[in-house]
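User: Hi! I am new to reading protein structures. Could you help me see how the words used for them are justified?

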Amino acid sequence: MTVRVINLGRRHPGTPARVLTDVSFEITAGTLVAITGPSGGGKTTLLRCLAGLEPFEHGTVEIEDLRVVGCQGAGGRRANARARAALRQRVGLVFQSLELFPHLTVLENCVLAPIHVRRLARADAERPARDLLARLGLGDKLAAYPQHLSGGQCQRAAIARALAMEPRVLLYDEPTSALDASLKNEVAETLRQVRGTGVTQLVVTHDLAFADAVADVRFALEAGRLRVAG
Amino acid sequence: MLGLSTPASADDSLAALRARGELRWGADAQGGAPYVFQDPMDPNHLIGFEVDLASEIARVLGVRARPVQGQWDQLLALLNRGDFDVALNGIEVAEEKRRIVALSRPYYAAPELLTIRRSDPSAPRSLDAARGRRVGTLPGSLAERMLARAGAEVRTYDGGQNEIYADLVLGRSDAVLLDAPIARYYGGIEPALEVLAPSIGEVRYAIALRTADESLREALDDALADLARDGTLRRIYERWGIWNTETAALLDDRRSASAAVAEEFERWRAAAGRIPPFAERVLERYPRMLTLFARGAAVTLALSLTAFALAVPLGVALAIARKYAPRPFRALAVAYIEFVRGTPLLVQLIMLYFGLPELGVTLDPFVAGALGLGLNYAAAEAENYRAGLESVPTPQLEAAWSLNLSTPQALRFVIAPQAARVAIPPAVNDFIALLKDSSLVSLVTLTELTKTYTNLANSTRDHLGLGLVVALWYLAIGLPFAWLARRAEARLGRHLRTAP
């Protein structure tokens, strides 16, 4: 197993209302899992917890050798902050709004974190990034700014930026929300391409057709509870 | 007997001054002729009867005289702060002054003279007639108190003496009451004005010292007595055309009236009585002022750059604290910004320069000026940078975190470059405002561009032409920064240009 989530629980900050309740699932290494469900069902919160951007109060997340246990209280939040940093090392996230850095070129977007987090020399960071971008069809856009890319190109650049940190797990938040039908196929193709590299993928989407087209396994998340779908 | 008459003085002010070899005397060159002013024929030199007096006193004491520029209404505060040894600039003998400083024996006495417009038939020709009329004078002077007692509508001027008489010529006031030397030098050379002969009251000038400097006071009194006895004071006053019966009585000088030529007054009348045509000023007079203006510009620029070099990092820290720090730090940052932004810069400068010495911290003028401006502008900068930070969407920070960049790394590589593009134009705007606000530091004895201008304008009576000159200097300093800012902004915004 690459990813194992056990009884994950998360409250709305400052309220007793639960966003996620006892969410449990497992993902085998290299598979592509889709989680579908209506808006407000907790899909994005689940992704943010897994990506280490939000703390969670209950349950456990295991990714390979890393085990993160939910914490409560101030001391817990500090311990959780360290655990979340460890999570981010293993998990990449492609935001719904992509959040490419607009002041950096496509190549600079992809090498920023490898240079400053993994402490690679610029040349050592650029070489694999160029290969990656070439494989994703952006070989001629290395020096372009995100502003000058099409929607599909931006999507692939954001995926490349996340992959450049060599995560074990890559999460996608609504990757097709802003795309038309032909571009959805393009994204599906990219996800299949990434699956070929052995990276475990988790896609959150409300687009059932897309989920069916790409996913090996499909879950549904409704009102904070997960069930096997399809 | 000799041993007994020598006071057992504990203070070493005189010894310290002799050891230093220099008498630092405070005066304001903006006050004008004939006291201490820039020579209109050669503005690089400070002249005036008090310049001559100071060097004669220094000669008797066996030291050099060094003038120190200070704002006239602050001279006594600057003296007590230790910026110079004595204040020597038309300081009137008055009881309330003795509460904060010591005064030497008087060195000059003058009547107050009323000046009116020749063309004004209803002009007040006596103090009694001044009741209810608009009369100009200097603030805090004997003339002001006499006018107030007489029921006149008193107009006081903080600028130079020239403005007071210029307003009278323009009809903005009905008369001017001032000390005889000022009336002669500014009222007497103006054809439209008439200085009325009757003397009204008498004012005496003395040198101010710190109360504790007893030995220096005795030495000054002795020196003044010597200079009165050997006729040096009379020669100085005659050369400047200000010898009068009041001073003769004060110095106990019974020699008959002399026929000495008031050569310095004639020189002044030749130079300032007629303002040459603009072309002549541009070709002959202004080039001679180049080094003075350059020196003022250098002070303005050095001060502004130092202050800004302090304001930028402090502003960044405040902006980051305000947006990202835990609550207590955020509250501190907000409190600092609101306090500094909500109080006048002038008040802050006075607190730094004159207030801190009460706590035992005496700052150098440049340090005090740069610190005051820098601390003040940091608050404005903080708000500029915060606006920049706010312009970057929050998910950008999360995207950086998700790539495992630390918060400082995210701020530096992702947020700051995007925020800078938004923050640079107002920051440069602030720097240019800072260049201009730096004129406030003339308060702390620094002669920067604006002070250079006001000094020169008063000694040459040329406000408009020199105003254009000083405006050009400010533009010359400010424009390169505006240009640099446009380049930086374009560079930071290159990702926004249309695709190649």
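Analyst: Happy to help; here are a few terms, each set against its definition. This is a predicted model, where local features need pLDDT of at least 70 and side-chain atom pairs count only at pLDDT 80 or more, while totals for chains, interfaces and linings use all residues. Residues are numbered from 1 along each chain as its sequence is written, and chains are lettered from A and ligands numbered from 1 in the order in which they are written.

User: How do you know that strands S3 and S9 of chain A pair?

Analyst: Strands are DSSP runs (E, at least two residues; helices are H or I, at least four), numbered from the N terminus. Pairing takes at least two DSSP bridges. S3 (residues 32–36) and S9 (residues 217–222) of chain A have four bridges in the parallel sense, so they pair. In S9(A), A:Arg218 is the bridge partner of A:Ala34.

User: What makes S6 and S10 of chain A edge strands?

Analyst: The open sheet runs S6-S7-S8-S3-S9-S10 in chain A. S6 (91–94) and S10 (225–228) each pair on one side only.

User: Why is helix H1 of chain A called mostly covered?

Analyst: A residue is buried if 20 or more other C-beta atoms, placed from the backbone, lie within 10 Å of its own (exposed: 12 or fewer; partly exposed: in between). Seven of the eight residues in H1 (residues 43–50) of chain A are buried, so the helix is called mostly covered. Among them are A:Leu46 and A:Cys49.
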